[in-house]
Amino acid sequence: MRRKRRPPPRAHSISCTDAEWERVRVLAERRGLSMSRYFVESGLNVDPTTEAPKPPRLVLDEAEQRRLHDSLVQIAKRTAATDSEEAVLMRIRNALAFLVEARMREMMRDAREYELKTLLTDLFGERAAAATVERLNARMDAEVLDSP
């Protein structure tokens with residue numbers, strides 16, 4: 001007597017981003033399940049009759065729009081004032097230099113000098129990176145000595 005054959009399983013497809021797929025893979029591994037089994041069990045544990053939470057609001061109310069507009073007007077006044085193009089570019093360069101130095105100081109304070117030097121070496125070469133780190137160390141040491 002022959003055994004009765006089971007019908008072949010049906011295949012279904014799922015569309016998701018690579019990040020979502022990776023997240024499902026990690027969650028399935030944590031539970032010791034295959035991704036397919038994890039999808040099935042997760043799907044069976046969801047009540048489709050419940051309402052999904054409302055999505056976040058993606059528009060600004062009148063007051064928020066006004067504040068945004070006023071901020072943009074102020075930015076435009078500062079960057080497109082009667083200054084020459086060279087003056088505007090100089091202010092931008094100075095602002096960028098300030099931000100870069102602040103970040104480098106933060107890395108030094110966090111004991112990440114090696115990481116900073118590696119980044120600078122990739123950008124500017126070994127000699128310039130070493131000189132930059134030395135100058136930064138000297139300025140930071142001088143500030144510590146000058147502070148009360």
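The following questions and answers concern helix 5 and the largest pocket of a predicted model. Local features need pLDDT of at least 70, side-chain atom pairs count only at pLDDT 80 or more, and totals for chains, interfaces and linings use all residues. Residues are numbered from 1 along each chain as its sequence is written, and side-chain values use heavy atoms, with hydrogens and water left out.

Q: What distance does helix 5 reach from its first C-alpha to its last?
A: Helix 5 (a DSSP run of H or I, at least four residues, numbered from the N terminus) covers residues 113–124, which are 12 residues. The expected span is 1.5 Å times one less than the number of residues. The helix is close to that expectation of 16 Å, reaching 16 Å.

Q: Which residue follows helix 5?
A: The residue after helix 5 has a positive phi, near 100 degrees. That residue is Gly125.

Q: Which element gives the most to the lining of the largest pocket?
A: A pocket is an open set of points on a 1 Å grid over the protein atoms alone, where a 1.4 Å probe fits, with protein on both sides within 12 Å along at least five of seven lines; lining residues have an atom within 4 Å of a point. The lining of the largest pocket includes Val100, Leu116, Phe124 and Arg135. Two or more residues come from each of helix 4 (85–109), helix 5 and helix 6 (126–146). The most, 5 residues, come from helix 5.
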